[in-house]
Amino acid sequence: MKGIQRLDTALGPIQAAFDGAGAVIYLGFADHEFREPLLAKLARLEPAVSPAPAVVARLQKQLDAYAAGARNDFDVPFRLHGSPFEQRVWAALQRIPFGETRSYGRLATELGDPNLSRAVGRANGANPISILVPCHRVIGANGTLTGYAGGLAMKERLLALEGALTGWVR
């Protein structure tokens, strides 16, 4: 697909896309299980075919520092495109601190309706910007690791490097 940049990071191959202003509009693992719907949505956003090399390098540098345990936040600009409910869920994800996790039910409660845990799960799965919008920090109510588009092994790796596996159930 035009506009997708491949980054060979310390986390493995990652695909990224940027808008014309240099903001990340897609970030996902190259072997992302469920990337096809996200990429179809991305095509409608018309990503920049050739983002500025400095923008791409900045993202890669920050991802590598995160993977090395030398960074726990990102200052790369990004722009999320989704429904109003998805936007609310993605904003809630961004409020989960580094090194902590939340259950789908807790996020639903924080959003005002504890019955929305499945809808929260769907919005979490539709997150187009992995890692920067930390959907990997959401786990099952019983402490189990649940679905992650980058695979459960990657979710475990990300949570381990954040020190967030306390009480985790395999």
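Asparagine 127 counts as buried in this predicted model, because its relative accessibility is just 2%, against a cut-off of under 20%. Asparagine 127 sits in the loop that links helix 5 to strand 5. Its side chain has a polar atom 2.9 Å from the backbone nitrogen of isoleucine 129. The loop between helix 5 (117–125) and strand 5 (138–139) also holds isoleucine 131. That residue is no glycine, yet its phi is positive, at about 70°. With a relative accessibility of 3%, isoleucine 131 counts as buried too.

Turning to the sheet, three strands pair up antiparallel in the order 1-2-3, and the sheet is open. Strand 1 (5–9) and strand 3 are the edge strands; each has a single partner, so one side of each goes without a neighbour in the sheet. From one strand to the next, the twist averages 25°. Strand 1 is held to strand 2 by 5 bridges, and the two run antiparallel. On that side, arginine 6 has glutamine 15 of strand 2 as its bridge partner. Glutamine 15 also stands opposite glycine 28, a residue of strand 3.

Strand 2 (residues 12–18) and strand 3 are likewise antiparallel, with 5 bridges joining them. Together they make a hairpin with 5 residues in between, and glycine 22 in the turn takes a positive phi of about 90°. As for exposure, strand 3 (residues 24–29) is mostly covered, with 6 of its 6 residues buried.

What packs on this sheet? Helix 2 (residues 53–67) does, touching strand 1, strand 2 and strand 3, and its direction makes about 30° with that of strand 1. The helix has 15 residues and spans 21 Å from first C-alpha to last, close to the 21 Å expected at 1.5 Å a residue. Its buried residues are Val56, Leu59, Gln62, Leu63, Tyr66 and Ala67. Viewed down the axis of helix 2, these buried residues fall within an arc of 140°, so they line one face of the helix. The general geometry helps here: an α-helix has 3.6 residues a turn, so residues three or four places apart point the same way. The cover over the buried residues of helix 2 includes strand 1, strand 2, strand 3 and helix 6 (152–161). On the other side of helix 2, Pro53, Ala54 and Lys61 are exposed. After the helix comes glycine 69, with a positive phi near 80°.

Aspartate 64 also belongs to helix 2. Because its relative accessibility is 26%, aspartate 64 counts as partly exposed. Neighbours within four places in sequence aside, aspartate 64 is in contact with Thr9 and Ala10. A polar atom of the aspartate 64 side chain lies 2.7 Å from the backbone nitrogen of alanine 10. Much further along the chain, 76 residues away, is glycine 140, whose C-alpha is separated from that of aspartate 64 by 28 Å.

Helix 3 (residues 84–94) has its own set of buried residues, namely Glu86, Val89, Trp90, Ala92 and Leu93. Seen down the axis of helix 3, they fall within an arc of 155°, so this set lines one face of the helix.

Technical notes:
Residues are numbered from 1 along each chain as its sequence is written. Side-chain values use heavy atoms; hydrogens and water are left out. Helices (H or I, at least four residues) and strands (E, at least two) are DSSP runs, numbered from the N terminus. Buried means under 20% relative accessible area, exposed over 50%, partly exposed in between (1.4 Å probe, protein chains only). Two strands pair if DSSP finds at least two bridges between them. The arc is that of the directions from the helix axis to the C-beta atoms. Axes are lines fitted to C-alpha atoms, for helices over the stretch in contact, and angles run from 0 to 180 degrees between N-to-C directions. Contact means heavy atoms within 4.5 Å. A polar contact is a pair of N or O atoms within 3.5 Å; within protein, one must be able to donate a hydrogen and the other to accept it, and residues adjacent in sequence count only if both atoms are side-chain atoms. The expected span of a helix is 1.5 Å times one less than its number of residues.
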